[in-house]
Amino acid sequence: MLGSNRKALFVVLGVLASLSMLVLIGCSSVEPMGPDNKPPTGTTVTNPEHGSAVNSPVINIRGRAEVGATIRILVDNVDAGSAVASPAVPHDSGLGRYTVEDVDLGVEGPKALKIVATDLYGNVTDDPIEISILLDMTAPPVAFETINQAEWNDDEQYWLSGVPMIRLVGRTDTLAAGARVRHGIQEYLPDSTYVFPAGAEEPDSMRFWVTLSVPPLTTAAPNSLVTYIVEAYDAAGNSAGVPVDVFWNAEGKDTIMSWLLVEEPISFDDYLTGQAGMQQAVMFQAPVWANYVIGARFFIGNDGITGSPNPETPTTQPFTFLVWRPNADAAPKPGVIANEGMDSGSQYPEMEWLELPLINAVDISNNSLFPDKHFFVGLEWDNRNNPPIGIDATEDEVDYTTWRLPWYPPWVMLESGDVMIEAIVSDIPNMAEARIAIIGAGGSIRQLDR
């Protein structure tokens with residue numbers, strides 16, 4: 001019995017062995033996938049870009065290629081390095097990323113780069129990528145020429161200015177990508193240029209003008225010596241600069257301003273008024289040292305209403321005191337309102353100046369919001385024809401800085417005279433220690449107090 005079982009077992013094992021041999025023979029005679037003879041596709045260069053300029057003789061070249069492909073870089077047909085494309089995270093259409101480091105470009109000048117990809121099976125791309133770049137390590141020339149609205153102090157070796165805005169003049173050539181003036185993180189760009197033709201095979205010369213605004217000045221720091229860097233730069237990132245020292249002087253100057261005398265009773269030609277919702281604004285420019293609008297003065301006319309029961313009681317009604325930022329027009333008009341609007345109160349005197357200090361001073365030191373410290377001060381009428389505001393209609397002395405808004409834009413310039421509104425500015429909001437100026441017609445400082 002035992003012998004029969006053993007015999008059966010050997011028969012089964014023999015059959016299995018025969019089947020295994022047949023499977024192995026079949027597998028060795030079939031090639032299910034076939035050889036990979038397709039060249040790699042999708043290879044790109046992301047850095048540097050074709051036609052770009054670089055200022056370093058040794059760079060890294062980055063791009064996309066098939067995962068596992070070897071990327072070889074040739075500079076002017078000379079091998080300059082290789083790398084293998086690795087899987088991209090996140091997945092990028094089946095392509096990997098490569099970086100060929102420390103590719104030596106050689107001497108300065110134009111460079112022809114060729115990128116050749118070879119996949120894991122030895123297939124080489126049919127069309128190698130070819131790009132051209134420029135190795136440029138020479139900065140463009142730059143020179144400082146002069147500053148308008150400033151004087152050269154030979155003893156101190158700096159430029160001296162006491163005005164809110166100066167114009168720096170520099171020079172470079174037309175091969176430069178641009179010019180600028182820097183101070184810390186601040187960058188000032190030219191607002192005009194002029195090109196002078198040069199001789200044969202020489203780049204043209206370019207003069208440029210840059211407007212610079214006074215930095216914030218305070219009582220603690222009423223003057224400021226600033227070193228500006230006048231720069232020219234090219235497309236490769238090379239730059240050259242020369243330092244220029246400017247001493248901003250915050251000393252104020254007293255000038256005299258007088259309004260046209262207004263006799264009582266005031267006539268229609270001597271004042272302006274409006275309906276509820278209408279606005280009136282006057283543009284001012286603060287002196288270089290002023291950083292805040294702290295109030296305003298309004299000349300209040302006679303509204304022609306008799307007080308009751310006392311005829312001498314003022315009958316003036318509230319209006320809203322407003323400060324505006326200038327808009328970006330060539331002739332600036334009132335733009336965004338810069339304060340919350342302050343109620344004037346009522347029963348203030350007529351035929352007198354009404355002085356209103358702001359509860360919260362308006363900071364005008366940000367040059368992007370208040371260019372060169374320009375701002376508008378005025379009012380919105382809350383009641384019909386009350387109050388009347390005086391007008392200076394002195395012949396041939398109109399400053400054309402008064403604007404009127406009849407409910408809806410646009411603002412309209414008042415050309416017949418100047419509304420009698422004055423701005424009060426200071427260097428710091430602390431009234432006890434501030435330097436204060438009252439600015440009247442034409443931006444003149446009518447009164448200066450320390």
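**Asn238 and its surroundings: how the labels are earned**

In this predicted model, buried residues make up 40% of the 450 residues in the chain.

Student: Why is Asn238 called buried?
Tutor: Buried means under 20% relative accessible area. Asn238 has 10% relative accessibility, so Asn238 counts as buried.

Student: Where in the chain does Asn238 sit?
Tutor: Asn238 belongs to the loop between strand S18 (223-233) and strand S19 (239-249).

Student: What makes the pair of Asn238 and Asp136 a polar contact?
Tutor: The cut-off for N or O atoms is 3.5 Å. Here a polar atom of the Asn238 side chain lies 2.7 Å from the backbone oxygen of Asp136. With 2.7 Å set against a limit of 3.5 Å, the distance test is met.

Student: Which other residues does Asn238 touch?
Tutor: Leaving out residues up to four places away in sequence, the contacts of Asn238 include Asn55, Met137, Thr138, Pro140 and Tyr233. Contact here means heavy atoms within 4.5 Å.

Student: Now to the strands. How do you know that S10 and S13 pair?
Tutor: Pairing takes at least two bridges. Strand S10 (residues 143-148) and strand S13 (residues 165-173) are joined by five bridges, so they pair, and they run antiparallel. Within this pair, Ile147 has Leu168 in S13 as its bridge partner.

Student: What makes S17 a partner of S13?
Tutor: Nine bridges join S13 to strand S17 (residues 205-213), so the requirement of at least two is met. These strands run antiparallel, and Val169 stands opposite Trp209 in S17.

Terms used: Residues numbered from 1 in each chain as written. Predicted model: local features only at pLDDT ≥ 70, side-chain atom pairs only at ≥ 80, totals over all residues. Heavy atoms only, no water. Helix = DSSP H or I, 4+ residues; strand = E, 2+ residues; numbered from the N terminus. Buried < 20%, exposed > 50% of the residue type's maximum accessible area, 1.4 Å probe, protein only. Polar contact = N/O pair within 3.5 Å; in protein donor to acceptor, adjacent residues only side chain to side chain.
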